[in-house]
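Colleague: Could you walk me through this model? I have a few quick things to ask.

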Amino acid sequence: MALGYGLRMDSPVGRLLMRLTGVGLLGVALVALVAPRAVITPYRWPVVVVGVVALVLLALVARLPRWLGRGWVPPAVAVGGGVVTAAVGLAGQYAYGWDARVVMDLARTLDSGLPLPPFGVDYFSLYPNNLPLLAVDQWGHAVARQAGLTADEVLIGLSAVCVAVTLYAVHDLVARVAGRGPALSAQLVTLVLVATSPWVAVPYTDLYAMPFVTGGAALAARALAPGRREVRVVLWCLSILAMTVAYALKTTPVVMVIAVAVAVLVAVFDGHQHLERRAAGLAACAAGLVLFSALAVAVPSLAQNASGADNSRLRADVSPSPLWWLANGSNEKTSETGVTNYGTYSREMVDGIQGLSPDEMDSYARAFLADRWAERGPLGTLAFYGNKLAWNWGDGMFSAWVEGADSLPGVMPPATGAVATVQELNGLHGRWYPLRAELAQAMWITVLLLAGVGLLRAPYRREIVLLAVTVLGIAAFTLLFQGRARYLFAFVPLVVALAGMVHLWVPHLRRPRLRAVRDPRASGRLR
């Protein structure tokens, strides 16, 4: 575990992973500007382009006041982000549907003392990964009953706490590499993209997993840095625990475990460590994987028991296999509004495996994949996955209002005052929503551009490799399996943190008086 962290550390493999991530992020950003894929939000691309140009120029020349480098500012921003999340979430409540509504209603049934109905048994047999969400929703109902609130209000408060923790973890990640100025900027960008999103009004796993994703990365980064071996071992174990909780809440954080393992393996050989130190690093990596494997069984089991569902009634043989999810990720359909969806949920494919055994599900999936290959051929298959990558990463609102019937008019209740203002800004049919969405889109594309260019020029750092491989992992996951932009939402803080880490190596429009502020070697100063 005691990995050396000398000044001459370097790794060709680490730099290659950084450059690959940079090329990918720069590519999807440029596609989003030049040939954007249609999404539910009707972005006016001239407005987006103007916004991107303005934000890039701001990032290249802006300098934060030095008083913002004081120690109280990062926690204040984190708390403020939590307050914004609560305010936007409470004011933006609406009659959401899809899985979020299904699980919430089933949690209400269990909280009232009734058993899980047959529909609920069928649902959780098909999607056992949502049992932890059932436990969270039941907790929300229990607290709401005692406090005289609604379950949604309680869970929006929980989401606010999650965002606050996430924002502080973003600061911790970026400050270690780039200093307090970029760390504060990363916090503020994350606050805008996450805390003001329409998703904060929906009690679902993306926000609940987010602090464990970002916090797990921050703990892992600290474990990779110099320090006492005992402290680093504790940080390493806490990081694995955080990633396990994230994985229990949502499947996608499994890519973080792989990313941490890759980062450790790269770190083992990035300097002139003695053989025993390299052996200790490899042992730490192996022990971490074993620990995660054990916790990955224990934590979901605890969550399932806490859900209140009678697990003996659930059928393990009806849940789709990974091969089926891979096949689901290859489907393509066009909505009535003309938006092409790549690899999203397919009701037809779910119906197609009803009553099938696991082996028959795999046969169904193999036949589906073979049919898609026969239809598209090699070039068509490459085009499909290229379009899917661009579509997944090209929506700065992260598929808000896409799921179920959320996009229909009337899902938001009548309102006045500040609540009505939030609805006009965040509601799909609100008066100011198009402009609000375009500004978010411009900010997201700017983040991708800065991260991409910075990764092409930045020197090797273990923390940067950790986040770069995580980004590669979630990109690969959403490319191969079922996905849409919402599946990236829990990882948005890490993408922003990555941009904050490497933006110092983006060519800047410098003035002489800015050099000391922007010099990454000027440790300890606000920059």
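Colleague: What share of the protein chain is buried?

Modeller: Buried residues, meaning those under 20% relative accessible area with a 1.4 Å probe and protein chains only, make up 54% of the 527 residues. This is a predicted model, in which local features need pLDDT of at least 70 and side-chain atom pairs count only at pLDDT 80 or more, while totals for chains, interfaces and linings use all residues. Residues are numbered from 1 along each chain as its sequence is written, and side-chain values use heavy atoms, with hydrogens and water left out.

Colleague: And which residues of H4 are buried?

Modeller: They are Trp98, Ala100, Val103, Met104, Leu106, Ala107 and Leu110; helix H4 itself covers residues 98-111, helices being DSSP runs of H or I with at least four residues, numbered from the N terminus.

Colleague: What covers them?

Modeller: The cover includes helix H5 (118-126), helix H6 (131-147) and H7, and just after H4, Gly113 takes a positive phi of about 95°.

Colleague: Switching to H7, what does Ser159 touch?

Modeller: Ser159, placed in helix H7 (residues 151-178), touches Thr85, Leu207 and Tyr208, leaving aside residues up to four places away in sequence, where a contact means heavy atoms within 4.5 Å. Ser159 is buried, with a relative accessible area of 1%.

Colleague: Last one, how far apart in sequence are the contacts of the whole chain?

Modeller: Of the contacts between residues at least 6 apart in sequence, 80% join residues at least 24 apart.

Note on methods:
Helices (H or I, at least four residues) and strands (E, at least two) are DSSP runs, numbered from the N terminus. Buried means under 20% relative accessible area, exposed over 50%, partly exposed in between (1.4 Å probe, protein chains only). The expected span of a helix is 1.5 Å times one less than its number of residues.
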